[in-house]
Amino acid sequence: ERFIFQSATLAKQLELALKREDLGISFLFVNWVFRLNRFRPGDRKFQSHYDVPYYDSLKRRRSKYSVLVYLTGGSSNEDGEPVL
């Protein structure tokens, strides 16, 4: 399953959080288009691939990096901490 949505607010908050970290990379901004993929047991395994970069022809900008966030189901981990 795939869900695509746009959020300037989420992009800005993620950008601020990433810029606070010392990642050793430089970037201008976080793209406001988000893609959520849901994988279920029995789905085919992810094949090695390259993402198609975001490209803005008017501003002549393209994406260089992808950020992947993995979320797991359940209410807590083995230490009793909440799962995102």
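The following exchange concerns the aromatic rings of a predicted model.

Colleague: How many aromatic pairs does the structure hold?

Modeller: A pair of aromatic rings is described by the distance of the centres and the angle of the planes. Counted over this predicted model, the aromatic pairs number four.

Colleague: Is the pair of phenylalanine 5 and phenylalanine 34 stacked or edge-to-face?

Modeller: The ring centres of phenylalanine 5 and phenylalanine 34 are 5.4 Å apart, and their planes stand at 20° to each other. Planes under 30 degrees apart count as stacked, so the pair formed by phenylalanine 5 and phenylalanine 34 is stacked.

Colleague: Which strands does that pair link?

Modeller: Phenylalanine 5 and phenylalanine 34 are 29 residues apart, and their pair links distant parts of the chain. Phenylalanine 5 belongs to strand β1 (residues 2-6), whereas phenylalanine 34 belongs to strand β2 (residues 33-37), which gives β1 and β2.

Colleague: Is phenylalanine 34 buried or exposed?

Modeller: Its partner phenylalanine 5 has 22% relative accessibility and counts as partly exposed. Phenylalanine 34 has a relative accessible area of 14%, and because buried means under 20%, phenylalanine 34 is buried.

Colleague: How many residues apart in sequence are the parts that tryptophan 32 and tyrosine 54 tie together?

Modeller: Tryptophan 32 and tyrosine 54 form an edge-to-face pair, at 5.9 Å centre to centre with 75° between the planes. Tryptophan 32 lies in the loop between α1 (8-20) and β2, and tyrosine 54 in the loop between β2 and β3 (55-56), so the parts tied together are apart in sequence by 22 residues.

How values were computed:
Residues numbered from 1 in each chain as written. Predicted model: local features only at pLDDT ≥ 70, side-chain atom pairs only at ≥ 80, totals over all residues. Heavy atoms only, no water. Phe/Tyr/Trp six-rings, centres within 6.5 Å; stacked < 30°, edge-to-face > 60°. Helix = DSSP H or I, 4+ residues; strand = E, 2+ residues; numbered from the N terminus. Buried < 20%, exposed > 50% of the residue type's maximum accessible area, 1.4 Å probe, protein only.
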